[in-house]
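Thank you for letting me take a few minutes of the meeting. I would like to walk through one structure for those who have not seen it before, so please have the view open as I speak.

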Amino acid sequence: MPRPRLAVTARSMRWTTSPVSPRRIPLAVHLHRGTMKRPGLLATFLMGFLPAATVGAYSLNTAVRWGDNPYVIDVITGPFQTHFGLNNASIMTIARSALQSWQNSGVRFNTNIEFHDTTPNASDLEIEAKTCCDGDCSGNSCLGRSSYIFLSDNCSIDIYMNTGVASAYSDNGTQTFDLQSIFTHEFGHCLGLTHPSTSSPEAVMHQGNYAFGAYPKRFPREDDKLGGQHAQYIADYPVRVRARTGGGWTQVGTTSGSVGVATQTDGWSLVTFENDSNQDYTSRISYVGIDPSGTVGPTCTSTDYAFDGVAVSENPGGGFAAAFRSSNDTGAIYVYRGVYGSLAGCFWGGSPQLTTMTSHRRPSLAYDAASGRLVMAFIEMGTGKLRVSTSTSAGTWTNPTQINGEWTDTSVGIDCGYWAPAGANRCFLTFPASNGEHQLRIAEGYITAAGTFMYLGTHVTAGWTLNVASDVQIVNGNRLEIIHASTNNTRDAYMYIRDCASGTCTDSNFPIERKTFVGGSISSAKLVTAAP
């Protein structure tokens with residue numbers, strides 16, 4: 001049996017011969033049940049009649065930028081329950097997180113996006129599960145198919161259960177074919193992307209060899225990002241900051257990636273983010289210092305390029321430390337040390353240190369005062385496993401510790417400090433589960449004298465979150481405050497509280513007065529979000 005693959009979509013600019021099975025696939029459009037807002041012309045067209053552009057390895061359909069407001073995505077959940085055994089909430093979260101993967105890479109939409117699990121008055125994009133071959137897919141070679149409607153931004157996605165490899169599907173990366181990865185690929189077509197002519201086989205939009213190393217491709221890479229931003233828009237979400245305990249918000253910049261904030265014991269805070277001020281598909285690193293009175297200093301921008309945001313924490317040797325992922329597909333992690341903010345500007349010593357570690361997403365930093373070490377959490381390239389490494393002020397990093405097989409598809413929040421229930425310092429990491437439920441998880445551990453992270457266990461909360469960067473702060477030694485993203489259509493930022501002051505931990509979850517599109521951050525004094 002040929003290897004199952006993602007079907008060539010109606011976005012191709014020509015008749016296409018499959019590299020797996022040599023059958024010609026007609027460039028047709030089709031509708032599923034339900035009502036499209038603008039049905040367009042229900043016929044077969046050669047896509048050469050559509051306005052198109054070529055960017056890097058992609059041919060783009062420039063006529064399908066999402067424009068309806070709201071842009072309604074209808075997920076027909078019943079067939080997913082029948083074919084894949086997923087409950088309603090799981091399949092909705094998988095769909096949301098798949099599209100969020102594109103937003104995490106800096107792709108912006110000029111419209112509000114709404115997901116529904118029942119067809120509203122009209123929808124722009126429909127998603128349905130089928131088996132091979134109860135639709136347009138024939139043989140045992142399809143995993144998914146997307147089609148759009150001529151002269152409109154309407155699209156439809158079919159996710160196929162291949163009966164010949166039914167046991168090879170999962171929602172948590174344990175099997176060859178990861179459902180969220182398939183969704184992410186098909187959303188790429190609905191955004192306007194074809195299969196790239198040349199790219200890494202790990203690229204989300206690469207056709208063939210979809211089961212690359214058995215690790216799900218939930219992460220758009222450099223060429224995916226470039227193509228997606230050209231097909232839609234470059235993200236420029238306002239970065240806003242306020243006191244952690246409340247008050248007014250102040251915009252300090254715009255970004256396309258996740259944000260970071262840290263506060264020193266002297267009261268100075270530093271906000272870090274990617275800066276796309278030129279809207280040129282590149283992201284430099286910006287810093288903004290805030291003095292103890294709340295006065296905001298100027299924005300300082302380095303000459304380094306980042307992908308997916310910038311993290312920040314106190315630095316063992318003084319000032320702040322910042323960590324970021326390289327802008328290319330190596331995923332190399334760099335760390336700046338000795339960054340200082342002031343009302344006159346910013347200062348940082350020397351060049352960023354290239355570590356030996358790599359990450360799919362932005363790494364995260366914390367300072368552990370008990371060991372005097374900088375602590376970094378990251379998602380290891382290739383395996384996707386959650387790992388922790390520590391460093392002294394000298395800059396030497398320990399061999400990363402794997403966190404009990406945990407893996408996730410978003411940047412990890414981390415904080416270290418005194419934890420009264422344990423009577424000792426602890427480090428807490430926050431991240432969504434890797435499966436369809438995406439429940440918020442809290443891993444606990446501590447740093448040994450040798451700098452090794454010792455894992456103690458994971459608490460599974462009752463909160464659900466998207467694959468948007470979360471962050472955690474230890475408050476008063478007995479309370480965790482976690483900023484994370486909701487799974488609703490309004491994209492509200494939520495604060496999850498784990499309060500252990502009474503000796504028995506209690507959990508609560510409530511929205512704050514801002515949204516978060518690519519992640520938020522929290523420190524002992526400040527709260528930061530990035531959203532329109």
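**The largest pocket and its surroundings**

Let me begin with the lining of the largest pocket, whose residues divide by class into 16 nonpolar, 15 polar and 4 charged. Before going further, I should say that what you have in front of you is a predicted model, and everything I describe is to be taken in that light. The pocket itself has a volume of about 530 Å³. There are 35 residues in its lining, and if you want to find its centre on the screen, look for Thr263, Glu314, Asp415, Gln473 and Ser524, which lie nearest to it.

Which strand gives the largest share of this lining? It is β29, which supplies 6 residues. Several strands each supply at least two residues, and these are β16 (260-263), β20 (310-314), β25 (364-368), β29 (413-419), β33 and β37 (520-522).

One of those strands, β33, brings me to a sheet. Here 4 strands, in the order β33-β34-β35-β36, form an open sheet with antiparallel pairing. The strands at the edges are β33 (471-475) and β36 (506-515), and because each of them has a single partner strand, one side of each is left without a neighbour in the sheet. From one strand to the next, the twist averages 20°. Within this sheet, β34 (residues 479-485) and β35 (residues 492-499) pair in the antiparallel sense over 7 bridges, and one bridge to look for is that of Ala485, whose partner in β35 is Ala493. It may help to recall, as you rotate the view, that in a regular strand the side chains alternate between the two faces of the sheet.

Let me turn now from the open pocket to enclosed space. Rolling a probe the size of a water molecule over the atoms shows where empty space is left. In this model there are 4 cavities of 30 Å³ or more, and I will speak about the second largest, which holds about 90 Å³ of space. Its lining is made up of Arg96, Leu99, Gln100, Gln103, Ile113, Phe115, Leu466, Asn488, Asn489 and Arg491. Two elements, α2 (88-104) and β7 (113-116), give two or more residues to that lining, and the largest share, 4 residues, comes from α2. By class, the lining has 4 nonpolar, 4 polar and 2 charged residues.

Where does this second largest cavity lie with respect to the domains? Domain 1 (58-236) and domain 4 (460-531) both give residues to its lining, so the cavity lies between them.

Next, the disulfides, of which the count comes to 4. As a reminder, a disulfide is a covalent bond between the sulfur atoms of two cysteines. One of them joins Cys300 to Cys346, with a distance of 2.4 Å from S to S, and with 80° about the S-S bond this link is right-handed. The pair links distant parts of the chain, since Cys300 sits in strand β19 (residues 296-305) and Cys346 in strand β23 (residues 345-348), 46 residues apart.

I will finish with a hairpin, in which β14 is joined to β15 through 2 residues. Strand β14 (residues 237-243) and strand β15 (residues 246-255) pair in the antiparallel sense over 6 bridges, and among the bridge partners you can find Val241 with Thr250 in β15.

Note on methods. Residues are numbered from 1 along each chain as its sequence is written. This is a predicted model: local features need pLDDT of at least 70, side-chain atom pairs count only at pLDDT 80 or more; totals for chains, interfaces and linings use all residues. Side-chain values use heavy atoms; hydrogens and water are left out. Two strands pair if DSSP finds at least two bridges between them. Axes are lines fitted to C-alpha atoms, for helices over the stretch in contact, and angles run from 0 to 180 degrees between N-to-C directions. On a 1 Å grid over the protein atoms alone, a cavity is a set of points where a 1.4 Å probe fits but cannot get out, and a pocket is an open set with protein on both sides within 12 Å along at least five of seven lines; lining residues have an atom within 4 Å of a point. Grid points are joined across faces, edges and corners, and a volume is the space filled by probe spheres set on the points. Ala, Val, Leu, Ile, Met, Phe, Trp, Tyr, Cys and Pro count as nonpolar, Asp, Glu, Lys and Arg as charged, and the others, Gly among them, as polar. Domain bounds come from an automatic or database domain assignment. A disulfide is a pair of cysteine sulfur atoms within 2.5 Å.
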